[in-house]
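Trainee: I've just opened this one and I'm new to it. Could you walk me through it slowly, perhaps with the cysteines up front and the strands afterwards?

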Amino acid sequence: MNKQQCCAICNTTISIENDSKEHVILRSIGGYLKVRGFICKSCNNDAGRTWDAELASQLLPLSHLFGVSRQGGGPLPDLPIITTSGEKLIMKPDGGFSPNKPSFSEEITADGVQIKIMARDIKEAKSILKGVQRKHQNTNTDQLLANAEFSSSYPTGMVHHQLDFGGEVSGRSIVKSVLALAHQAGIAANHCNDAIQYLRDPAASACFGYYQATDLIANRPLETPLHCVGINANPVTGLVLGYAEYFGIYRVVVCLGKGYSGDVVESSYSIDPRTGKELYLSVNLDFNESEIDAIYRYEMIPDGAIEAVFHAVIPAALKKKIDAERERVIADSVEYAFKNCGAKYGEILTEDQVKKLSSLMMGKLIPYIMHNLKSN
């Protein structure tokens with residue numbers, strides 16, 4: 001490091017030993033850019049477990065919808081949901097569903113005992129069958145699995161997400177992100193006293209507000225659920241301002257500090273979280289103090305503005321999800337049919353095998369077809 005830095009949160013001197021890499025946009029929602037000399041390892045870990053975890057949790061439904069690409073390729077966490085029919089399910093990162101918890105039932109029939117298991121994967125099904133084997137000691141679990149009939153179904157109700165955003169905990173994560181970009185741009189901490197106080201003092205007043213009155217991004221790409229962090233230090237207004245936007249929907253203006261008298265500084269970092277690709281966008285932060293106060297009072301959110309930003313990115317994402325599910329179902333049906341029609345790879349199919357192939361494919365496609373008929 002060229003000059004001594006202090007942690008933006010605890011004010012301890014940052015050294016080679018305690019320095020950390022801070023993501024300007026959270027890694028959990030697709031961010032790549034990292035800065036050093038900003039916060040110490042201890043504060044980075046603490047903020048990650050609290051502030052950042054809360055923001056990531058609030059944004060998880062949208063991360064699933066848009067298919068966020070995360071640094072390192074790690075999958076998104078599963079998302080617990082409750083459908084409009086009251087079904088408790090787990091939404092998987094690939095868009096599929098699994099039961100919230102496994103279930104087991106058995107029924108005495110003329111042919112013996114019929115066992116029905118609802119499990120999240122084969123490993124879990126095997127674990128449940130071990131319990132069956134303890135109860136029915138002559139049971140061969142391997143044979144049960146070999147003869148088992150597997151089926152899948154779609155939720156009967158519609159997926160319902162409660163999109164909550166904001167609050168003091170996630171708000172501190174947002175302010176930290178903007179302050180990290182200001183640090184990278186060379187703006188000294190003493191010019192960002194409002195943000196520093198907010199991060200250090202749990203009782204401090206929030207230094208941000210939600211904004212939807214105009215589009216602050218000049219060259220916004222269409223139908224792109226972008227993330228953006230921007231800063232502007234202006235000696236004319238004396239304000240050091242910041243901006244954070246998530247998925248093209250949630251838009252936050254931050255006042256990092258007042259009384260600025262240095263050079264004009266502007267910087268921004270934007271990405272398409274679906275790919276991680278950086279977008280080179282400009283952010284217009286031309287506000288005065290009275291306008292900042294109005295933003296803090298929630299006066300810069302016109303009627304219909306929130307619905308409009310949702311409509312700008314959500315329909316295209318939903319269409320992509322629908323198309324991807326159709327392709328997945330077709331591919332799985334074809335693979336299953338060819339594996340079970342009795343033909344070996346490279347053989348010419350007989351008439352009976354063609355009929356069986358068609359029947360197997362249709363059997364796999366029926367749940368998808370019925371689901372779409374019901375939905376429509």
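Mentor: Gladly, and we need one cut-off before anything else: a disulfide is a pair of cysteine sulfur atoms within 2.5 Å. Please also keep in mind that this is a predicted model.

Trainee: Okay, so how many disulfides does the count come to by this rule?

Mentor: The count comes to zero disulfides.

Trainee: Why is the sulfur of Cys207 without a bond?

Mentor: The closest cysteine sulfur to that of Cys207 belongs to Cys255 and lies 7.2 Å away, which is too far for a bond, because a disulfide needs the two sulfur atoms within 2.5 Å.

Trainee: And what about Cys192, which cysteine sulfur is nearest there?

Mentor: It is again that of Cys255, at 9.4 Å, and Cys192 is in no disulfide.

Trainee: Are Cys192 and Cys207 buried or exposed?

Mentor: Cys192 is buried, with a relative accessible area of 1%, and Cys207 also counts as buried, at 3% relative accessibility.

Trainee: Cys255 keeps turning up. Which residue is its bridge partner?

Mentor: Cys255 sits in β13, where it is the bridge partner of Leu241. The strands concerned are β12, residues 239–246, and β13, residues 250–258, and they pair in the antiparallel sense over eight bridges.

Trainee: What sheet are those two strands in?

Mentor: They belong to an open sheet of six strands, whose order is β10-β13-β12-β11-β14-β15 and whose pairing is antiparallel. The edge strands are β10 (208–210) and β15 (277–279), each of which pairs on one side only, and the twist from one strand to the next averages 20°.

Trainee: What actually holds paired strands together, in general?

Mentor: Strands of a sheet pair through backbone hydrogen bonds, and they can do so in a parallel or an antiparallel way.

Trainee: Switching topic, how does β6 pair with β5 and β7?

Mentor: Strand β5 (residues 79–82) is joined to β6 (residues 88–91) by four bridges, and the two run antiparallel, while three bridges join β6 to β7 (residues 97–99), also in an antiparallel arrangement. Leu89 of β6 is the bridge partner of Ile81, and Leu89 also has a bridge partner in β7, namely Pro99.

Trainee: And what lies between the strands in those hairpins?

Mentor: The hairpin of β5 and β6 has five residues between its strands, and Gly86 there takes a positive phi near 90°. The hairpin of β6 and β7 likewise has five residues between its strands, with Gly95 taking a positive phi near 100°.

Definitions and conventions
Residues numbered from 1 in each chain as written. Predicted model: local features only at pLDDT ≥ 70, side-chain atom pairs only at ≥ 80, totals over all residues. Heavy atoms only, no water. Pairing = 2+ DSSP bridges. Axes fitted to C-alpha atoms, helices over the stretch in contact; angles between N-to-C directions. Buried < 20%, exposed > 50% of the residue type's maximum accessible area, 1.4 Å probe, protein only.
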